[in-house]
Amino acid sequence: MVEVLLGLGSNIDREKNLRSALVALRKLFGVVDVSPVYESNAVGFHGDNFYNLVVAISTDLAVGKLSLLLKEIEDNNGRERLAPKFSARTLDIDILTHGTQLGVIDGVELPRDEILKHSFVLLPMADLRPDSYYPGSTHTYQSLWEGFDDNLRSLWQVNFKE
């Protein structure tokens with residue numbers, strides 16, 4: 001079993017879709033550790049604000065099989081696969097890390113580069129696993145957050161009820 005960190009986001013029926021995703025993840029993987037939920041502006045397009053969080057699961061699934069399962073959860077929550085990359089979405093689930101794997105595995109970049117680019121990914125990771133190390137580095141998620149550019153910290157925690 002390996003710990004996998006997943007990024008979840010939604011800007012359409014945000015609470016409903018995130019709750020649904022958490023139910024599906026618990027059904028598949030049992031215990032799911034959940035970060036606080038943050039609201040942020042849409043990135044790359046004009047649209048409604050997103051809710052984002054990070055969850056930790058344990059699995060023995062390979063990256064490719066896990067990715068297919070996550071796409072199924074997205075599809076079950078109305079994800080439109082033909083929509084532009086930067087557009088509104090009911091649910092987005094990204095594999096951020098899969099243990100300590102590095103590189104492109106089964107078509108998935110690990111660790112996902114958004115971790116170091118977006119506060120809505122890094123802050124929930126720092127909340128959930130502050131003392132865990134970014135794969136391939138000597139930096140913890142907390143230390144990465146502390147060094148994150150203040151100009152890019154545009155998000156706020158929301159009161160999300162599971």
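A residue counts as buried when its relative accessible area is under 20%. The exercises below concern a predicted model.

**Exercise 1. Determine how many aromatic pairs the structure holds and how the rings of each pair are arranged.**

Step 1. A search of the whole structure gives 2 aromatic pairs.

Step 2. One of them joins Tyr134 and Tyr141, with 6.5 Å from centre to centre and 80° between the planes. Planes over 60 degrees apart count as edge-to-face, and this pair is edge-to-face.

Step 3. In the pair of Trp145 and Phe148, the ring centres are 5.4 Å apart and the planes meet at 20°, so this pair is stacked.

Step 4. As to burial, Tyr134 and Tyr141 are both buried. Trp145 and Phe148 are both buried as well.

**Exercise 2. Establish which residues of strand β3 are buried on each side, and which strands pair with β3.**

Step 1. Strand β3 comprises residues 37–40. On one side Val37 and Glu39 are buried, and on the other Tyr38 and Ser40 are buried, which leaves both faces covered.

Step 2. Strand β8 (residues 155–158) pairs with β3 in the antiparallel sense over 4 bridges. Within β8, Gln157 is the bridge partner of Tyr38.

Step 3. Strand β4 (residues 50–59) also pairs with β3 in the antiparallel sense, over 3 bridges. Here Tyr51 of β4 stands opposite Glu39.

Step 4. Tyr51 has a further neighbour: Arg14 lies over the face of its ring, 3.8 Å from the ring centre.

**Exercise 3. State how many salt bridges are counted, and describe the one between Arg19 and Glu15.**

Step 1. The count comes to 9 salt bridges. Side chains of opposite charge can pair when their charged atoms come close.

Step 2. In the salt bridge of Arg19 with Glu15, the closest N and O atoms are 2.8 Å apart.

Step 3. Because Arg19 and Glu15 are 4 residues apart in helix α1 (residues 14–29), about one helical turn separates them.

Step 4. Arg19 has a relative accessible area of 29% and is therefore partly exposed. Glu15, at 29% relative accessibility, is partly exposed too.

**Exercise 4. Describe the salt bridges of Asp92 and Asp113, and identify a network of shared partners.**

Step 1. Asp92 forms a salt bridge with Arg89, with the closest N and O atoms 3.7 Å apart. Both Asp92 and Arg89 are buried.

Step 2. Asp113 meets Lys117 in a salt bridge of 3.0 Å, N to O. With a relative accessible area of 27%, Asp113 is partly exposed.

Step 3. Glu3, Asp33 and Arg129 are joined into one network by salt bridges that share partners.

Definitions and conventions: Residues are numbered from 1 along each chain as its sequence is written. This is a predicted model: local features need pLDDT of at least 70, side-chain atom pairs count only at pLDDT 80 or more; totals for chains, interfaces and linings use all residues. Side-chain values use heavy atoms; hydrogens and water are left out. Rings of Phe, Tyr and Trp (its six-membered ring) pair if their centres lie within 6.5 Å; planes under 30 degrees apart count as stacked, over 60 as edge-to-face and the rest as tilted. Buried means under 20% relative accessible area, exposed over 50%, partly exposed in between (1.4 Å probe, protein chains only). A charge sits over a ring if NZ of Lys or CZ of Arg is within 6 Å of the ring centre and within 35 degrees of the ring normal. Helices (H or I, at least four residues) and strands (E, at least two) are DSSP runs, numbered from the N terminus. Two strands pair if DSSP finds at least two bridges between them. A salt bridge is a side-chain nitrogen of Lys or Arg within 4 Å of a carboxyl oxygen of Asp or Glu.
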